[in-house]
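Work through the short exercises below with the model open. Each task is followed by its solution.

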Amino acid sequence: MSYFEKINKVKYEGSKSTNPMSFKYYNPDEIILGKSMKEHLKFSMAYWHTFTFMGVDPFGKETMERQWDIDNKDPMERAKVRVKVAFEFMEKLGLEYFCFHDADIAPQGETLKESNDNLDVIVDLIEKEMKRTGIKLLWGTANLFSHKRFMHGASTSPNADVFAYAAAQVKKAMEITKRLDGAGYTFWGGREGYETLLNTDMKLEQDNFARLLHMAVDYAKEIGFTGQFYIEPKPKEPTKHQYDFDSATVIAFLRKYNLVDYFKLNIETNHATLSGHTMQHELRVAFDQGLLGSVDANQGDLLLGWDTDQFPTNLYDTILSMYEIIRGGGFTTGGLNFDSKLRRGSYKEDDLFLAHIAGMDTYAAGLRIAAKLWEDKVLEKNLEQRYQSYKDGIGNDIVHRKVGFKELETYILNKKEIDQNDSGRQEYLETIINQYILG
Ligand code: XUL
Ligand code: CO
């Protein structure tokens, strides 16, 4: 049974097309910089936003119209039908990957055992659909933040039983991810943070967080899970202070707790801006330390102070993100996961397609422009020139630690004053990017 009978497989029709159900810039097999566009972009569907977000916000109830949910009231039946619908949806859009939390795919039971039994039934179906379609799991994860037991955190809860529950849930989610041959496993510390230090032992909480991650590393070895572990930084929301604030904070945490060899980062655009950084900054910080793993692709609204998880349509952002990704050598285990949800007014089933097309096209267009910038070495040539003074002379001596304060003082005393600084030429570079965009 099909719920999208009227929708054909979405095809590339080029930028002149007026067909809303077509790609204008995403041509999956077109080769750019020696790789197909789909290999560069590795688009993934987020099961939670696409199949469980019903349009609820703090002021209003569900708005989404989903025929498959209306037709199937029993939670397990609904979960089964959703699997079929999800794979048909991904096939029609040419999305070759997906990501999920345990709680997205199957209803949670009264006990952990019941939840796990439900998961097993649904995972059987997912496995069949993956075999049928060739669609792959980019990463799996456990939802350790929605249920009320996690009100004070999961591994950072003051209640050790909650830690144990979280560990048991991660164990099962890792087993499922391994069974489905997932390329990765993500930890987003939904409530791993605090509201007030008046009641918080921050050191113990962070130590415990690291303990859970070490247990995951040990268990991966035990069951032979070889996928990549990721941590997804986010500065705030739901808690005021999230322990995984941004890329730099997460990397320092991984180093402190000797976890850096086992984890990479899954960086999300809207989380980057919430932390007061650009996505470009967050990607660069991770890449420079060899720790960029994957991307949660979306965008925020800079006028709102929370995570709006909008589908990415800002071309400038996708150009700069794709530029960083190309610069870093591209994805290996990771990809671009649309951790993006519809506005609650975009409630029709068609909107699910239109929003994904918008996101895929904006990233595809970003890739096209970033690839040209990279090929022409526009920014790289400028960098080369800007840092020229470190190539020889005193700069080269600094880089190779041949000089210390005394030698540098003597050097400057002989020189009297700095001859001149070169211009940063920021506006000029911004104009060049505009030229690349507009042709
Ligand atoms: C929440 C968020 C999550 C993670 C997975 O802001 O981004 O959906 O991506 O738990
Ligand atoms: Co995310």
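**Exercise 1.** Break down the shell around ligand 1 by class.

*Solution.* The shell has three nonpolar, two polar and six charged residues. Here Ala, Val, Leu, Ile, Met, Phe, Trp, Tyr, Cys and Pro count as nonpolar, Asp, Glu, Lys and Arg as charged, and the others, Gly among them, as polar. Next, the names: Trp48, His101, Trp139, Trp188, Glu232, Lys234, Glu268, His271, Asp296, Asp307 and Asp339 surround the ligand, each with a heavy atom within 4 Å of it.

This is a predicted model: local features need pLDDT of at least 70, side-chain atom pairs count only at pLDDT 80 or more, and totals for chains, interfaces and linings use all residues. Residues are numbered from 1 along each chain as its sequence is written, chains are lettered from A and ligands numbered from 1 in written order, and side-chain values use heavy atoms, leaving out hydrogens and water.

**Exercise 2.** Which distance separates an oxygen atom of ligand 1 from an N or O atom in the side chain of Asp339?

*Solution.* For Asp339 the distance is 2.8 Å. This is a polar contact (a pair of N or O atoms within 3.5 Å). The protein buries 94% of the 290 Å² that ligand 1 exposes when taken alone, by the Shrake-Rupley method with a 1.4 Å probe.

**Exercise 3.** Locate the cis peptide bond at Pro238.

*Solution.* The bond joins Glu237 and Pro238, with omega about 10°. Pro238 sits in the loop between strand S10 (228-231) and strand S11 (241-242). Strands are DSSP runs (E, at least two residues), numbered from the N terminus.

Terms used: A polar contact is a pair of N or O atoms within 3.5 Å; within protein, one must be able to donate a hydrogen and the other to accept it, and residues adjacent in sequence count only if both atoms are side-chain atoms. Helices (H or I, at least four residues) and strands (E, at least two) are DSSP runs, numbered from the N terminus.
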